[in-house]
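Colleague: Please put the model up. I would like to go through its salt bridges.

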Amino acid sequence: MNQAKIHFIQPQLSHISGGSIYNLEIVKRLEQSARGKGFFHSLNSPVTELFEYFNTLPDSCIFILDGLYLANSEFKASLQQFLPYTQRTYLMLHYLESMNTYYSSQEKEALWNGEKQWLKAMQGIIIPSFQLRDYLSNHGVENHKIAVAFPGIAKAQEDRLSKPKKNDLNRPIKLIAVGTICQRKGQLELVQMLTQIKIKNFILHLVGDYEQESSYTQQIVSLIKVASMEDSIILHGGIPQQTLFNLLPECALYLSSSTYETYSMATAEAVVHGLPILAYATGAIGDWIENNVNGILIELGKQEQFSWWLRRLLTHDTELNQLQKKALHRSANLSFKSWDKTYQDFLLAFTNGI
């Protein structure tokens, strides 16, 4: 039996994200195996352009739609027009706008009501973590429509592992946080903590695109300048993955101040590189972090606890050194999915229906 072609529709972003890396790896394998191909459709382009593309293809084609489109209000409002295609459309759900914690309960409910209509209309939903599956299930999405395909995370080579730094209070402790500079990633709050605890023995590397939410970035830049911390907090912008992999082993502690993740590939990469983690418990982060072993997990909303632990680890070098040693040991005993396994799990979401 001939296999139906799979067309993976995604926006072409100006920055690298965990979701875009995931999509790239899947599309690469679809094309290598001749199972399908990728198609870029701008977030701001009319949905009619997408329908024009659909209508050039055989009726047997399967569509994978990146869930990021649902963050666009005009696209989200086009569901009625999209209905003729929903029985062969699957959603690749990396992100849900309504899960952002900075919205009021009323705003979240309004956003979710629109998203839920799409989730119910789709033939299936592919997601990166059990945590997101549980969230969707608890909010009325049928379990049989949900398939989990964890992102692939390559095991770090021995020379890429972070080695214990023998930190002392006489040398700056290198910290790193990776992610697009935006409100849900919480970098502004992280910088505020560092200015308030009035400790100078650190260098924080903030890695991630800072043009997506330029006004948010400007608040961070202004705060750094007012606090005269230009030498202590460095905004790198987006950097190549290999450059990031070279930077991670130089650091003593990875920080994730994000209040909403569906998985958190950047944190997983830090874990496999042997870094201890200070993070809010969101997404799949709790799957890899054993509290007080290879990191410290903070309950969402407990900003004062995050700040307390940040100060403690910067002022108690022995405790940070011990955490580093245990993190390096644990990373050697953790296993993550390969991208080939991710691709296999991805195909299982709909191969039975092709």
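Colleague: How many salt bridges does the count come to?

Modeller: This is a predicted model, where local features need pLDDT of at least 70, side-chain atom pairs count only at pLDDT 80 or more, and totals for chains, interfaces and linings use all residues. Residues are numbered from 1 along each chain as its sequence is written, and side-chain values use heavy atoms, with hydrogens and water left out. A salt bridge is a side-chain nitrogen of Lys or Arg within 4 Å of a carboxyl oxygen of Asp or Glu. By this rule the count is nine.

Colleague: Which lysine forms a salt bridge with glutamate 25?

Modeller: Look along helix H1, residues 18-32 (helices are DSSP runs of H or I, at least four residues, numbered from the N terminus). The partner sits three residues from glutamate 25, about one helical turn. The closest N and O atoms are 3.3 Å apart, and the partner is lysine 28.

Colleague: Is arginine 29 buried or exposed?

Modeller: Arginine 29 meets glutamate 25 in a salt bridge, 2.7 Å from N to O. Buried means under 20% relative accessible area, exposed over 50%, and partly exposed in between (1.4 Å probe, protein chains only). Arginine 29 has 13%, so the word is buried.

Colleague: Which residue meets arginine 312 in a salt bridge?

Modeller: Arginine 312 is partly exposed at 25%. Its partner is also partly exposed, at 23%. The N to O distance is 2.7 Å, and the partner is glutamate 319.

Colleague: Which residues do shared partners join into one network?

Modeller: Here salt bridges share partners. The network is Glu25, Lys28, Arg29 and Asp340.

Definitions and conventions. Helix = DSSP H or I, 4+ residues; strand = E, 2+ residues; numbered from the N terminus.
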